[in-house]
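Here are a few exercises to work through with the model open beside you. Take them in order, and try each one before reading its solution.

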Amino acid sequence: MTIKRKQNGSTLNVTVAGRIDTSTAPEFEAGVKPYLDGVDTLVIDFAEVNYVSSAGLRVLLSLHKLMMKKGEMKLINVCEAVNDVFEVTGFDEILNFEVAK
């Protein structure tokens with residue numbers, strides 16, 4: 001998994017590549033959460049994420065709850081496979097995201 005961060009004012013843009021599963025979810029969380037001081041908008045680009053497990057969903061939910069207190073979180077470029085996971089688990093009703101075209 002690779003995680004790239006770019007902060008622009010109070011917006012943090014994060015690009016993630018790889019699977020977010022039991023073994024990589026802690027790395028994903030550690031690559032985002034510590035960088036949220038002073039951030040009111042978190043944008044996570046999922047263009048190169050093709051799988052999210054329940055451990056990844058837990059991290060997304062944790063980030064979502066944290067950001068809802070400060071501002072907003074948005075996922076962009078979500079692939080159909082990850083979108084399917086969001087729909088099956090009900091996360092499509094919780095998270096703000098855009099499916100890749």
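**Exercise 1.** Find the residue that follows H3 and give the sign of its phi.

Solution. Gly90 comes after H3, and its phi is positive, near 85°. Helices here are DSSP runs of H or I with at least four residues, strands are E runs of at least two, and both are numbered from the N terminus. The model is predicted, so local features need pLDDT of at least 70 and side-chain atom pairs 80 or more, while totals for chains, interfaces and linings use all residues. Residues are numbered from 1 along each chain as its sequence is written, and side-chain values use heavy atoms, without hydrogens and water.

**Exercise 2.** Work out which residues of H3 are buried (under 20% relative accessible area, 1.4 Å probe, protein chains only), and what covers them.

Solution. Start with the list: Val82, Asn83 and Phe86 are buried in helix H3, residues 80-89. Viewed down the axis of H3, the buried residues lie within an arc of 105° (taken from the directions from the axis to the C-beta atoms), so they line one face of the helix. Their cover includes E3, H2, E4 and strand E5 (97-99).

**Exercise 3.** Trace the neighbours of strand E3, residues 41-48.

Solution. First, E3 pairs with E2 (residues 11-17) in the parallel sense over 6 bridges; pairing requires at least two DSSP bridges. Within this pair, Asn13 has Val43 as its bridge partner. Next, E3 runs parallel to E4 (residues 72-78), joined by 5 bridges, and here Val43 is partnered by Lys74. Finally, check burial: 6 of the 8 residues of E3 are buried.

Notes:
Buried < 20%, exposed > 50% of the residue type's maximum accessible area, 1.4 Å probe, protein only. Contact = heavy atoms within 4.5 Å.
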